[in-house]
Structure formats: structure tokens, C-alpha cells
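Me: I've got a structure open and I'd like to learn how to read it properly. Can you walk me through some features?

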Amino acid sequence: MNKKNYAGIPDKYSRIDDAKVVLIPVPYDGTSTWQKGSDKGPEAFLEASENMELYDIETRSEVYKKGIYLAPPVTENSSPEKMVEAVYKTTKNYLKQEKFVTIFGGEHSVSIGTIRAFNESFEDLTVVQLDAHADLRPEYEGSSCNHACAVHEASKKTNLVQVGIRSMDVSEVEHMDENQVYFAHDLYEDWQDDAIGQMTPNVFITIDLDAFDPSILPSTGTPEPGGLFWYETLEFLKMMFKKKNVVGFDIVELCPNKNERSSDFLAAKLYYKMLSYKFKYQNYNEEDEDE
């Protein structure tokens with residue numbers, strides 16, 4: 001990956017000392033089992049970001065002016081376990097610097113390391129997973145650091161809320177708390193309020209892009225029909241940023257296709273939207289709700 005500023009922002013907004021946000025790319029695709037290519041996801045995401053307008057209409061803000069430092073990519077790929085450890089250490093390092101840390105993968109196994117670091121850094125953490133797949137296997141193909149195991153550790157050590165799930169193996173049932181799963185086929189009218197009610201104050205969000213319906217985001221490793229759409233997803237994210245302390249997030253599983261660039265752009269807009277919500281609503285309290 002060529003070292004550039006995120007979204008081509010001016011140097012004064014991209015220096016580590018001043019930036020409030022850190023973006024860690026993790027171009028890893030070591031355990032995916034169908035379509036390979038998520039290791040190219042961070043580069044495609046960054047290229048799309050350079051072609052994105054940086055004024056967010058909804059929040060009337062230019063969040064890049066808070067400062068976004070593009071960290072050197074985590075390139076460890078000798079084994080899934082060593083990759084997870086490298087992601088964990090890198091994430092922990094920036095959290096100790098009191099940055100708002102974000103990660104862009106790579107396959108979903110990178111989230112094992114990010115969640116581990118956040119869980120050690122914030123008390124009583126809720127992990128909110130937007131995903132087509134449950135990813136609750138304790139082990140797959142000889143490793144507990146496989147993409148199919150992305151949130152197994154989180155299910156045991158954090159408060160896990162799962163949204164958009166529509167594909168899983170029967171072996172995952174025993175590891176799933178179905179009271180905190182919002183299956184894609186059963187998203188009733190008030191599901192977002194109910195999901196928010198199950199979260200602790202500190203929230204980490206992990207988004208596998210296959211959570212989205214493939215009609216709006218086809219370029220992912222394992223697209224599943226019947227997914228989430230743009231505005232319903234933004235509505236849910238905005239609610240979390242308003243009502244909880246979102247301490248960080250990751251986005252994974254962009255599998256770019258040179259003939260289909262809209263997925264890259266959706267990922268870029270999603271990342272920027274989440275930052276815009278974070279800094280618009282980070283001081284939000286219930287008294288402001290009517291405004």
C-alpha cells in the first residue's frame with residue numbers, strides 16, 4: 001500500500017500528534033474460504049475515499065478537520081494467530097495514546113485482535129456486530145483465529161449484540177444468545193430500540209460488509225441475499241452514536257472488483273458517516289433529544 005493521507009486530506013489534519021482519529025489498515029486474507037481478495041480491501045477503500053466529498057450534509061460537518069492519522073498497515077500474515085496478535089498490539093498502542101481508533105480490513109478474523117484490545121481498554125464493553133454470518137465457531141479449519149470465529153471470543157468475554165444474521169452452522173447455536181440476535185428475516189418495527197436497550201454504555205461496532213444486501217454491496221467475499229439497506233443501517237448507527245459511548249469500530253470484508261466500484265465507495269461513505277456521527281453526537285445526552 002502506498003502511504004498517502006486518508007482521503008487526500010491536507011497534511012495538517014493527518015499528523016499523529018494532533019489527530020483525534022487513527023485509521024489502521026489490515027490487508028489480510030489468510031483464512032477466507034470462497035472468494036479471495038479482502039486483502040485488497042483497504043487499498044480500494046482508501047482510493048474511493050480520495051474521490052469522496054468531505055462535507056457531510058446530514059451532520060453539516062467536515063469531520064476530517066478533527067484529524068485522521070493513517071497508520072502504517074498491519075502486514076503480519078505468517079499465521080492467523082500472529083496476525084491477530086499484531087492487530088491487538090497495534091490497536092492497544094493507539095488506544096493508550098487516547099485516540100479514537102478505527103480499523104479497516106481485511107477479512108473478519110482481524111476483529112478478534114481489535115475486540116480483544118478494546119475489551120481490555122474499556123469496562124463492560126458491548127460489541128455490536130453487523131453481519132450476514134454468525135461467526136461464532138470456536139475453531140474452524142484448525143484455528144480459533146479463522147474468519148468463521150470472528151466473534152466467538154467476544155460472545156464469551158463481552159456483551160455481544162448481533163444484527164443482520166442470515167447464515168450460520170448448526171454448531172454455532174450453542175454459542176448464540178438468541179435474545180440478543182436480530183435476524184435479517186425478522187427485523188420488526190422497534191428492533192433498533194430493543195437492540196439499543198441491550199447495550200452497555202461502552203460500545204464497539206464491528207461491521208462485516210456482507211451485512212448489506214448484495215444489491216447495494218456485491219463486492220464482498222460471501223454475499224448473502226436478504227441483507228440490510230443503506231438508510232436503515234445509518235439510522236441504527238446514528239442511534240448508537242447518540243445514545244451510547246461508541247469507543248471505536250472496524251469495517252471488514254470488502255473484496256474489491258475492478259468492474260464494480262460502487263461497493264468501494266459505499267465502504268468509504270460508511271466509514272466517513274460513522275466518524276461524522278461520532279463527533280456530532282459524542283457529547284449527546286437525553287435532554288438534547290427533542291432538539
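Reply: Sure, let's start with a pocket. The residues lining the second largest pocket split into eight nonpolar, no polar and seven charged. Keep in mind that this is a predicted model.

Me: How many residues line the second largest pocket, and which are closest to its centre?

Reply: That pocket has a volume of about 270 Å³. It is lined by 15 residues, and those closest to its centre are Asp56, Ile57, Glu58, Lys269 and Lys273.

Me: Which element gives the most to the lining of the second largest pocket?

Reply: Helix H6, with five residues. H6 spans 230-243, and both H6 and H7 supply at least two residues of that lining.

Me: What about enclosed space? How do I find that?

Reply: The general idea is that rolling a probe the size of a water molecule over the atoms shows where empty space is left. Here the count comes to one cavity of 30 Å³ or more, and the largest cavity has a volume of about 30 Å³.

Me: Which residues line the largest cavity?

Reply: Ser111, Ile112, Ile115, Arg116, Ala150, Val151, Glu153 and Ala154. The elements giving two or more residues to this lining are H3 and helix H4 (152-157). H3 gives the most, with four residues. By chemistry, the lining of the cavity divides into five nonpolar, one polar and two charged.

Me: Okay, on to the sheet. How do I read one?

Reply: Strands of a sheet pair through backbone hydrogen bonds, either parallel or antiparallel. In this model there is an open sheet of eight strands with parallel pairing, in the order S2-S1-S3-S8-S7-S4-S5-S6.

Me: Which strands stand at the edges?

Reply: Strand S2 (68-70) and S6. Each has a single partner strand, so one side of each is left without a neighbour in the sheet.

Me: Can you zoom in on one pairing?

Reply: Take strand S1 (residues 21-26) and strand S3 (residues 100-105), which pair in the parallel sense over six bridges. To find your place in that pairing, look for leucine 23, which stands opposite threonine 102 in S3.

Me: Now aromatics. How many aromatic pairs does the structure hold?

Reply: It holds 16. To describe a pair, look at how far apart the ring centres are and at the angle between the ring planes. Phenylalanine 45 and tyrosine 271 have ring centres 5.4 Å apart and planes at 75°, so the pair is edge-to-face, the cut-off being over 60 degrees.

Me: Where in the chain do phenylalanine 45 and tyrosine 271 sit?

Reply: In distant parts: phenylalanine 45 is in helix H1 (residues 41-49) and tyrosine 271 is in helix H7 (residues 262-281), 226 residues apart.

Me: Are those two buried or exposed?

Reply: Buried means under 20% relative accessible area. Phenylalanine 45 is at 1% and tyrosine 271 is at 0%, so both count as buried.

Me: Got another pair with a different geometry to try?

Reply: Try phenylalanine 118 and phenylalanine 204. Their ring centres are 4.6 Å apart and their planes are at 40°, so this pair is tilted. It also links distant parts of the chain, with phenylalanine 118 in helix H3 (residues 110-121) and phenylalanine 204 in strand S7 (residues 202-208), 86 residues apart. Phenylalanine 118 is buried at 0% relative accessibility, and phenylalanine 204 is buried at 0% as well.

Me: Which residues do ring pairs link into a cluster?

Reply: Tyr6, Phe45, Phe100, Phe104, Phe249, Tyr271 and Phe279. You've already met Phe45 and Tyr271 as an edge-to-face pair.

Me: Last one: how do I read a single residue in a loop?

Reply: Ask where the residue is, how exposed it is and what it touches. Leucine 187 is in the loop between strand S6 (181-182) and helix H5 (191-197). Its relative accessible area is 24%, so leucine 187 is partly exposed. Leaving aside neighbours within four places in sequence, leucine 187 contacts Tyr182, Leu228 and Glu232.

Me: And serine 219: is it buried or exposed?

Reply: Serine 219 is buried, with a relative accessible area of 5%, and is found in the loop between S7 and H6. Not counting residues up to four places away in sequence, serine 219 touches Glu253, Leu254, Cys255, Pro256, Asn257, Glu260 and Ser263.

Note on methods:
Residues numbered from 1 in each chain as written. Predicted model: local features only at pLDDT ≥ 70, side-chain atom pairs only at ≥ 80, totals over all residues. Heavy atoms only, no water. Buried < 20%, exposed > 50% of the residue type's maximum accessible area, 1.4 Å probe, protein only. Contact = heavy atoms within 4.5 Å. Phe/Tyr/Trp six-rings, centres within 6.5 Å; stacked < 30°, edge-to-face > 60°. 1 Å grid on protein atoms, 1.4 Å probe; cavity = no way out; pocket = protein on both sides within 12 Å on 5 of 7 lines; lining within 4 Å. Points joined across faces, edges and corners; volume = space filled by probe spheres on them. Nonpolar A, V, L, I, M, F, W, Y, C, P; charged D, E, K, R; others polar. Pairing = 2+ DSSP bridges.
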